[in-house]
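I opened the model to look up its aromatic pairs, its sheets and its confidence values. My notes follow in the order in which I took them.

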Amino acid sequence: MATYTVKQGDTLSEIAWKYNSTYNYGSNVTEAYKRLADINDIDNPNLIYVGQVLKLDNPKDSSGNNATVKKTTNTTSSVVTIKQFGLQSGTDRTVFVAWAWDKKNTENYQVIWYYDTGDGIWFVGEDTTTTYKYHVYTGPSNAVKVSVKIKPISKKHKVKGKETSYWTAKWSTGKSYYFSHNPPTKPNAPTVTVENYTLTASLSNLDINATEIEFQVVKNDTGVSSTGKAKIVTSSASYSCPIAAGNKYKVRCRGLKNGVYGEWSDYSDNYSTIPASPQQITSLKALSSTSVALDWKAVPDCTGYEVEYTTSKSYFDSNPNEVKKVTIESVTTHAEITGLESGQEYFFRVRAVNEQGNSSWSGIESIVIGTEPSAPTTWSSTTTVISGEPLILYWVHNSEDGSSQTSAELELIVDGVATTKTIHNATDEDEKDKTSSYTVDTSVYTEGSTIQWRVRTAGITNVYGEWSVQRTVDIYAPATLELVVTDVNGAIVSTLNAFPLYVKATAGPATQTPLSYHLSVIAGSSYETVDQIGNTKYVSAGDAVYSSYFDTSEELLVELSAGNIDLENNVTYTVECTVAMDSGLRAEASTSFDVAWTDELYEPNAEITYDEETYAAYLRPYCTDEDENLVDGVTLAVYRREYDGGFVEIAKGLENSNSTYVTDPHPSLDYARYRIVATSKATGAVSYYDMPGFPIGEPAIIIQWEEQWSSFDVSSENEADDSEQPAWSGSLVRLPYNVDTSEKADKDVSLVEYIGRKRPVSYYGTQIGESENWKVEIVRGDLETLYALRRLKIWNGDVYVREPSGNGYWASISVSFSQAHCELTIPVSIDIVRVEGGV
């Protein structure tokens with residue numbers, strides 16, 4: 001339940017309106033305070049007392065509307081119920097009482113007030129009747145306490161001719177109020193003094209009915225910086241607290257007695273402290289060989305500054321007679337000091353001043369008056385410049401005495417011939433301390449020339465300092481690049497009819513050597529095509545269909561053919577080349593050509609043989625025309641289609657003949673599926689054939705390792721016979737048993753917990769982490785399988801696993817099994833983790 005305790009000076013209407021936005025007592029002040037009076041069973045809203053606890057909650061009925069507050073009733077007792085009693089808000093001698101009484105036929109109420117002057121004798125202050133259920137009484141000035149009692153008076157009616165009361169009530173129990181419990185009255189604003197870093201607030205001649213004073217110190221009119229209490233001793237109270245320099249403070253106070261606070265006093269005036277210390281000297285530089293200028297950051301609430309300087313830093317604390325002072329009687333943050341000795345080092349510090357005193361000193365800065373500058377910092381716009389292009393030389397004046405650059409001397413040595421130029425600095429205050437520069441016209445120099453340059457600068461003394469490091473800039477002619485596209489006969493190609501294609505890039509001039517080339521071929525329009533496997537791919541205008549780097553210092557000659565680039569008929573391509581030279585220069589060139597050739601479609605095919613001993617497949621790919629003659633000018637490739645729809649390359653670049661066989665050591669055990677691809681050597685056109693599944697029907701799991709296989713040629717044998725070459729060798733184990741499997745995927749994921757979030761954020765990598773566990777019972781008498789498993793157990797490498805479902809994959813595998821005597825089977829556990837592999 002939310003409550004509010006009445007303080008001195010409160011009214012019910014002010015309290016109701018203050019909390020109306022929270023509890024919705026009514027649409028205006030009158031409705032609000034009447035509603036709050038109903039909630040607290042107050043008959044007279046004008047009568048509340050200090051210390052009274054008011055309920056603020058606005059109860060709702062079941063429909064959500066404001067509930068009707070039941071009045072306190074007294075229908076059975078013969079004594080009134082006193083609901084409220086205390087000092088009336090806003091007074092110091094007026095006490096009020098309110099009561100509850102709901103018996104019918106009540107005429108009025110007799111109220112008797114008593115007062116006691118401190119000697120234990122009660123005097124009747126007032127004896128009266130009222131028809132209201134409340135009454136007020138102002139005690140005399142010499143009263144230390146008052147008491148009240150109330151008795152209801154019944155109406156009368158005639159009974160057998162006599163006036164008879166309907167009922168007879170009793171006096172209420174006396175209720176007393178001590179004026180010593182009055183809240184403290186409002187004090188005057190405190191007196192405030194500030195001395196260095198201490199503030200003191202005090203009050204005297206106090207007569208506010210309090211035993212303590214609470215002081216509240218406010219800093220810069222923004223927030224409370226300190227609060228403290230002080231006991232009242234001989235009608236006075238005082239409070240001190242530390243304060244920070246460079247601020248303003250004001251204080252207010254209030255009385256406290258028996259845990260009851262009085263009203264806050266008015267604030268005192270704002271009082272300034274001593275100023276804060278200047279943070280730093282921001283600029284210290286020589287104006288001449290005998291004078292300096294210094295600047296510092298401004299300090300608020302100061303009236304001036306003091307600058308001290310000396311020739312030894314230790315003199316500030318140990319020898320004040322050697323320290324000189326300059327007083328700035330304004331808030332300007334600039335001082336100029338003259339009469340200094342040239343070549344002498346001086347130390348400076350600053351402090352702020354106001355009517356409260358002096359701040360602490362700033363940090364100490366030093367300067368040597370009339371010192372030659374150190375060597376300037378230099379750089380150039382480039383270290384390699386093309387003849388005719390601008391060359392900008394830059395430098396920064398490195399002053400030792402803080403003075404600005406007055407002039408610079410630039411030495412240029414070109415091909416051994418030296419010249420010196422004097423450059424006078426700008427005099428504008430905003431420009432003279434900026435980076436200096438000089439532009440060299442390189443058009444007057446030839447390729448191979450070398451410019452050596454250095455700079456020295458002078459400050460306020462006009463004496464030049466040391467030379468900078470000598471820097472070198474090489475001048476070259478522009479790098480060049482000639483780019484041509486030719487056919488096999490060396491003729492320039494503008495329209496390509498057949499592969500191969502040759503790109504030739506020649507870099508120059510001869511005085512520079514190429515370091516590397518980058519060659520790319522860019523499609524001029526968008527199109528759809530197929531890749532070398534036969535899968536559809538999309539090329540957008542501007543895509544590079546070829547891109548390669550070449551590290552060579554020679555002339556570049558690149559052959560492009562169907563094996564390294566895929567071009568589309570009726571599309572324009574741009575060849576772009578960039579060369580990087582040892583001079584640091586680069587050159588670019590480009591040329592275009594159109595593709596216009598006759599697309600040829602082929603019908604490749606293959607013969608398949610399956611070896612039930614090695615579980616390998618042998619394919620003889622071929623491509624024939626409609627007369628079943630082998631087609632010239634094509635190369636063949638064989639791809640195995642996996643269970644997930646992807647392709648694995650078995651062999652490519654095969655010549656089209658009747659004698660070439662390809663070995664697939666891992667065909668799927670349900671159906672062997674292959675794609676045969678024919679590629680035109682002349683145009684790169686791709687044709688493919690997806691062969692129907694070749695039934696294998698192997699019911700067991702096959703695990704193979706330590707394998708070797710190859711394609712083979714039977715041209716020296718009868719083409720109708722199988723090859724006798726060993727096409728596959730290795731180790732394998734066949735598991736024709738029931739296998740219990742469990743699978744899981746340990747994904748590559750990081751869960752990061754962030755402050756302010758209820759749950760972690762997940763970040764996924766590329767690893768799937770697929771693994772399985774197989775459990776199988778091997779018949780004790782199957783010695784061949786057990787022998788193979790023992791060999792597999794010690795194999796230190798990947799294996800290829802094939803399942804009867806057609807699934808096949810490379811894996812890292814571990815085998816464990818145990819034998820127990822008298823058992824007919826041997827339990828075997830195989831842990832499998834899938835890995836990336838080859839064929």
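**Entry 1: a buried tyrosine and its partner**

I began at Y800, which is buried at a relative accessible area of 3%; buried means under 20% relative accessible area, exposed over 50%, and partly exposed in between, with a 1.4 Å probe and protein chains only. This is a predicted model, where local features need pLDDT of at least 70 and side-chain atom pairs count only at pLDDT 80 or more, while totals for chains, interfaces and linings use all residues. Residues are numbered from 1 along each chain as its sequence is written, and side-chain values use heavy atoms, with hydrogens and water left out.

I then counted the aromatic pairs and found 16 in the structure. For a pair, ring centres of Phe, Tyr and Trp (its six-membered ring) lie within 6.5 Å; planes under 30 degrees apart count as stacked, over 60 as edge-to-face and the rest as tilted.

I looked first at Y527 and Y573, an edge-to-face pair with 6.4 Å between centres and 75 degrees between planes. Y527 is in strand β40 (residues 527-530) and Y573 in strand β44 (residues 572-581), so I noted a link between distant parts of the chain, 46 residues apart. Strands (E, at least two residues) and helices (H or I, at least four) are DSSP runs numbered from the N terminus. Are these tyrosines buried or exposed? Y527 counts as buried because its relative accessibility is 11%, and Y573 is buried at 0%.

Y800 belongs to another edge-to-face pair, with W810: the centres are 5.3 Å apart and the planes meet at 80 degrees. I placed Y800 in strand β62 (residues 799-802) and W810 in strand β63 (residues 808-817), ten residues apart. W810 is buried too, with a relative accessible area of 16%.

I also noted one aromatic cluster formed by Y527, Y573 and F593.

**Entry 2: charges over rings**

I checked for a Lys or Arg over a ring, which requires NZ of Lys or CZ of Arg within 6 Å of the ring centre and within 35 degrees of the ring normal. K250 lies over the face of Y267, 4.3 Å from the ring centre. R454 has its charged end over the ring of W467, at 4.3 Å from the centre.

**Entry 3: the hairpin at Y527**

I went back to β40 and found that this strand pairs with strand β41 (residues 536-539) in the antiparallel sense over four bridges. Two strands count as paired if DSSP finds at least two bridges between them. Y527 stands opposite V539 in β41. Five residues lie between the strands of this hairpin, and G534 takes a positive phi near 115 degrees.

**Entry 4: two open sheets**

I traced an open sheet of four strands with antiparallel pairing, in the order β49-β48-β52-β53. Which strands stand at its edges? They are β49 (647-655) and β53 (686-690); each has a single partner strand, so one side of each lacks a neighbour in the sheet. Neighbouring strands here are turned by 20 degrees against each other on average, direction ignored. For such angles, axes are lines fitted to C-alpha atoms (for helices over the stretch in contact), and values run from 0 to 180 degrees between N-to-C directions. Strands β48 (residues 634-641) and β52 (residues 674-680) pair in the antiparallel sense over seven bridges. L636 stands opposite A678 in β52.

I traced another open sheet, of three strands in the order β28-β30-β33, also with antiparallel pairing. Its edges are β28 (374-380) and β33 (436-441), each with a single partner strand, so one side of each is without a neighbour in the sheet. The average turn between neighbouring strands is 25 degrees, direction ignored. Strand β30 (residues 390-398) and β33 pair over six bridges, and L391 stands opposite V440 in β33.

**Entry 5: a loop residue**

I looked up V233, in the loop between β15 (223-231) and β16 (237-242). V233 counts as exposed because its relative accessibility is 52%. V233 and T211 are 22 residues apart in sequence and 8.5 Å apart in space, C-alpha to C-alpha.

**Entry 6: confidence**

I read the pLDDT, the predictor's confidence in each residue from 0 to 100. The chain mean is 88, and 96% of its residues reach 70 or more. Among the elements, strand β56 (residues 712-713) has the lowest mean, 64, and strand β39 (residues 514-523) the highest, 96. Over residues 60-64 the pLDDT is below 50, and this stretch has five contacts beyond near neighbours in sequence; contact means heavy atoms within 4.5 Å. Residues 717-721 are also below 50, with six such contacts. Where pLDDT is low, the predicted coordinates should not be read in detail.
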